[in-house]
Amino acid sequence: MFIIGITGGIGCGKTTVAQICRQTGLPVLDADSISREATAAGGRAMPEITERFGQHMLNEDGSLNREKMAALVFKNRKSLDQLSAIIHRQVLESMADEIDRLDKSGTKAVFLDVPIPVRQGFLDRCNQVWVVRADMDVRIRRLTDRGMSPQEASRRIAMQMNDEEYKALADFVIENSGDLDTLYRQVHELVTRELGQRGIRFKQLPDPA
């Protein structure tokens, strides 16, 4: 099975790239979605999170209070690393189980949508890594459009890997500082070429405008 990893920093647009790839009809495993399941009430990450950070980080139903946790970890790198380690381990285990299931079912390719490209469980499973990047001012504008202050957006970006670190891992870099049509053309070209030359059948994406 051919495994393509899609990654990139906050505000770069990796989720949009993954949504385009989903149109191929091939599976897209979304780490953020799996993470939300792992941190929901009764989720597999919650016992360890509660032990490390305390009951006050939970909502009344036992799920993770994401706003409280974000306020803590995006000001404290050690706490961010500890939380990331807990969640990533659970997410990657779930993802590995699903990859194995898809492989046994005969699926020929799968996309992994993962924000932080950890070595074990992501990079070591991917045949290719596609990194999505965007200029800093574009990322900040996108995050402020989601309701963040410019200061909070800058702080969150600074807590993640920088452009050069992401690029060092990439087989292909997708530039996403422009409009959606420009992004679509890049993804269309990559999907058509990289899957097509390997004889992997997929739903053809509509031709770019």
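**Exercise 1. The cores**

Which residues have the most contacts inside the largest nonpolar core, and how many residues does this core have? Work with the predicted model above, and then find the elements that build the core.

*Solution.* Step one is to name the centre of the network: Ile49, Met69, Met95 and Leu112 have the most contacts inside the largest nonpolar core, which has 35 residues. Step two is to look for the elements that give two or more residues to this core. They are the helices H2 (31-38), H3 (46-53), H4 (66-73), H5 (77-104) and H6 (119-123), together with the strands S3 (109-113) and S4 (128-133). Step three is to pick out the main contributor: H5 provides the largest share, nine residues.

Now follow one of these residues. Leaving aside its neighbours within four places in sequence, Met69 touches Ile49, Phe53, Met57, Leu64 and Leu83. Finally, look beyond this core: a second, separate one has 26 residues, including Ile4, Val132, Val191 and Phe202.

**Exercise 2. One residue of a helix**

Find Ile99 and decide: is Ile99 buried or exposed? Then list its contacts from elsewhere in the sequence.

*Solution.* Start with the location, which is helix H5. Next, take the relative accessibility of Ile99, which is 2%. The cut-off for buried is under 20%, so Ile99 counts as buried. For the contacts, set aside the neighbours within four places in sequence; Ile99 then meets Met1, Ile3, Leu29, Leu112 and Arg125.

As a last step, try a distance. Ile99 and Phe111 are 12 residues apart along the chain, and their C-alpha atoms are separated by 9.9 Å.

**Exercise 3. The cysteines**

How many disulfides does the structure hold? Check Cys12 and Cys21 one at a time.

*Solution.* Recall what we are looking for: a disulfide is a covalent bond between the sulfur atoms of two cysteines. The structure has zero of them. For Cys12, the nearest cysteine sulfur belongs to Cys21 and is 16 Å away. A pair needs sulfur atoms within 2.5 Å, so Cys12 is in no disulfide. For Cys21, the nearest cysteine sulfur is that of Cys126, 12 Å away, and Cys21 is in no disulfide either.

Now add accessibility to the picture. Cys12 counts as buried because its relative accessibility is 2%. Cys21 is buried too, with a relative accessible area of 0%.

**Exercise 4. A cavity and a pocket**

What volume does the largest cavity have, and how much space lies in the largest pocket? Describe the lining of each.

*Solution.* Begin with the cavity. A search of the whole structure finds one cavity of 30 Å³ or more, and the volume of the largest cavity is about 30 Å³. Cys12, from the previous exercise, is one of the lining residues, as are Gly8, Gly9, Val131, Val132, Arg133, Arg139, Asp163 and Tyr166. Sorted by class, this lining has four nonpolar, two polar and three charged residues. S4 and helix H9 (163-167) each supply at least two of the lining residues, and S4 has the largest share with three.

Continue with the largest pocket, which holds about 1,300 Å³ of space. Its lining has 43 residues, and Asp32, Arg66, Phe74, Pro115 and Gln160 lie nearest the centre. Helix H1 (14-22), H2, H4 and H5 give two or more residues to this lining. H5 gives the most, with nine residues. By class, the pocket lining comprises 21 nonpolar, 10 polar and 12 charged residues.

Definitions and conventions
Residues are numbered from 1 along each chain as its sequence is written. This is a predicted model: local features need pLDDT of at least 70, side-chain atom pairs count only at pLDDT 80 or more; totals for chains, interfaces and linings use all residues. Side-chain values use heavy atoms; hydrogens and water are left out. A nonpolar core is a set of buried Ala, Val, Leu, Ile, Met, Phe, Trp, Tyr and Cys residues joined through side-chain atoms within 4.5 Å. Buried means under 20% relative accessible area, exposed over 50%, partly exposed in between (1.4 Å probe, protein chains only). Helices (H or I, at least four residues) and strands (E, at least two) are DSSP runs, numbered from the N terminus. Contact means heavy atoms within 4.5 Å. On a 1 Å grid over the protein atoms alone, a cavity is a set of points where a 1.4 Å probe fits but cannot get out, and a pocket is an open set with protein on both sides within 12 Å along at least five of seven lines; lining residues have an atom within 4 Å of a point. Grid points are joined across faces, edges and corners, and a volume is the space filled by probe spheres set on the points. Ala, Val, Leu, Ile, Met, Phe, Trp, Tyr, Cys and Pro count as nonpolar, Asp, Glu, Lys and Arg as charged, and the others, Gly among them, as polar.
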